[in-house]
Amino acid sequence: MLRFLILSGYFEMMMYLQVSGRLDQYINVHYRYLAVLSMVLSALLALVQLYLWVKADGKKGVHDSHDHGLSKPYQRWIAYLLLALPIVVGTLFPTVSLNTTIVEAKGFNFPLSKESVGDPQVQTQYLKPDTSIYFNKSDYQDQMNELKDKYEDEQTIAITDDNYLEIMELIYNYPSEFIGKKVSYEGFIYQSKNDKATDTFLFRFGIIHCVADSGVFGLLTHLPEGMTVKNDDWYKVEGTIQTDFYQPFKREIPSVVVTKVEKITAPENQYVYRAF
């Protein structure tokens with residue numbers, strides 16, 4: 001009976017995440033089909049367990065024959081608790097939209113921070129989306145060349161939710177090829193204070209595959225002189241790409257000189273996702 005309840009709990013949790021829209025905060029939306037597949041399999045396995053339980057009703061010891069070495073009651077209870085843990089976490093723990101507080105808490109590094117959540121395989125990314133870790137060197141270069149060809153002749157590039165991460169990766173990989181091009185994009189304000197000035201960035205939180213490789217991505221932004229902004233306010237900007245020597249990183253980074261700016265309402269889904 002417990003197996004049926006746990007499996008049906010997985011099905012109900014995945015259904016809830018799908019219907020509520022919270023699934024988008026855990027995985028790349030392009031992999032939604034995997035979540036649907038796991039939901040269907042959980043439902044089928046739950047029905048199988050229900051059938052076995054009903055069939056074995058009244059027959060003492062039938063359940064123990066399927067415990068695969070977990071002969072002691074406390075061992076079975078520990079196994080059930082571990083299996084049920086994702087359901088408890090997924091349904092009872094709240095999810096929140098990320099904001100500048102997360103950036104400040106994690107520290108602002110570039111191009112990559114390996115501290116993340118204590119897992120050496122998990123890397124929190126900043127500014128530049130880096131998909132090279134998922135390809136060998138030649139395949140990654142082929143992909144970048146293909147994307148460069150896609151935008152090579154465009155002097156004005158509209159950066160949207162769909163192409164946000166791929167264009168940001170290109171701009172950081174090949175800044176000289178984007179200097180002088182005009183871009184438009186949306187994001188939230190993050191102001192980084194250093195010894196001499198306050199630098200303004202326009203960011204989006206993005207997910208490459210899942211939340212384990214999520215990060216904050218965007219550009220150093222030169223707003224019109226005299227304009228004041230606040231952290232977490234959302235803007236749509238248009239401007240021209242250039243590069244600046246950014247003292248905290250001691251390196252040149254791409255930036256955008258804004259010629260047109262408009263305050264907007266934060267989108268319902270504040271994440272962007274990498275398409276492959």
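Strands, like helices, are DSSP runs numbered from the N terminus, and these names are used in the legends below for close-up views of a predicted model.

**View 1. Two residues with positive phi, Asp232 and Lys250, in loops between strands.** Most residues other than glycine have a negative phi. Asp232, which is placed in the loop between S6 and S7, has instead a positive phi near 80°, and with a relative accessible area of 32% this residue is partly exposed. Lys250 lies in the loop between S7 and S8, where its phi is near 55°, again a positive value in a residue other than glycine; Lys250 counts as exposed, at 61% relative accessibility.

**View 2. A salt bridge between Asp233 and Lys263.** The side chains of Asp233 and Lys263 meet at 3.6 Å, N to O, and the pair links distant parts of the chain, since Asp233 belongs to the loop between strand S6 (215-222) and strand S7 (234-246) while Lys263 belongs to strand S8 (residues 251-264), 30 residues apart. Asp233 is buried at 16% relative accessibility, because buried means under 20% relative accessible area, whereas Lys263, at 52%, is exposed.

**View 3. Helix H6 and the salt bridge of Glu169 with Arg274.** Helix H6, which covers residues 164-173, is mostly covered, with nine of its ten residues buried; among them are Tyr164, Leu165, Glu169 and Tyr172. The side chain of Glu169 forms a salt bridge with that of Arg274, at 3.4 Å from N to O. Arg274 lies in the segment after strand S9 (271-273) and Glu169 in helix H6, so this salt bridge ties together parts that are 105 residues apart in sequence. Both partners are buried, Glu169 with a relative accessibility of 0% and Arg274 with a relative accessible area of 2%.

**View 4. Lys148 with Glu177 and Tyr174.** Side chains of opposite charge can pair when their charged atoms come close. Here the side chain of Lys148 meets that of Glu177 in a salt bridge of 3.5 Å, N to O, a pair that links helix H5 (residues 137-151), which holds Lys148, to the loop between H6 and strand S4 (182-193), which holds Glu177, 29 residues apart. The charged end of Lys148 also sits over the ring of Tyr174, 4.1 Å from the centre of that ring. Lys148 is buried, with a relative accessible area of 19%, whereas Glu177 counts as partly exposed at 44%.

**View 5. Aromatic pairs, of which the structure holds nine.** In one of these pairs the ring centres of Phe135 and Tyr140 are 6.5 Å apart and the ring planes stand at 35°, so the pair is tilted. Phe135 is partly exposed, with a relative accessible area of 30%, while Tyr140 is buried, with 11%. Tyr246 and Phe249 form an edge-to-face pair, with 4.7 Å from centre to centre and 75° between the planes; Tyr246 is buried at 3% relative accessible area, and Phe249 is buried at 17%. These two residues also belong to a cluster linked by ring pairs, whose members include Phe188, Tyr190, Phe201 and Trp234.

**View 6. A nonpolar patch on the surface.** The patch is formed by Tyr33, Leu34, Val36, Leu37, Val40, Leu41, Leu44 and Leu47, which together have about 750 Å² of accessible area. One of these residues, Leu44, is found in helix H2, which spans residues 32-55.

Notes:
Residues numbered from 1 in each chain as written. Predicted model: local features only at pLDDT ≥ 70, side-chain atom pairs only at ≥ 80, totals over all residues. Heavy atoms only, no water. Buried < 20%, exposed > 50% of the residue type's maximum accessible area, 1.4 Å probe, protein only. Helix = DSSP H or I, 4+ residues; strand = E, 2+ residues; numbered from the N terminus. Patch = residues over 30% accessible without salt bridge, like charges linked within 9 Å, V, L, I, M, F, W, Y side chains within 5 Å. Areas by Shrake-Rupley, 256 points an atom, 1.4 Å probe, with all protein chains shown as cover. Salt bridge = Lys/Arg side-chain N within 4 Å of Asp/Glu carboxyl O. Phe/Tyr/Trp six-rings, centres within 6.5 Å; stacked < 30°, edge-to-face > 60°. Lys NZ or Arg CZ within 6 Å of the ring centre and 35° of its normal.
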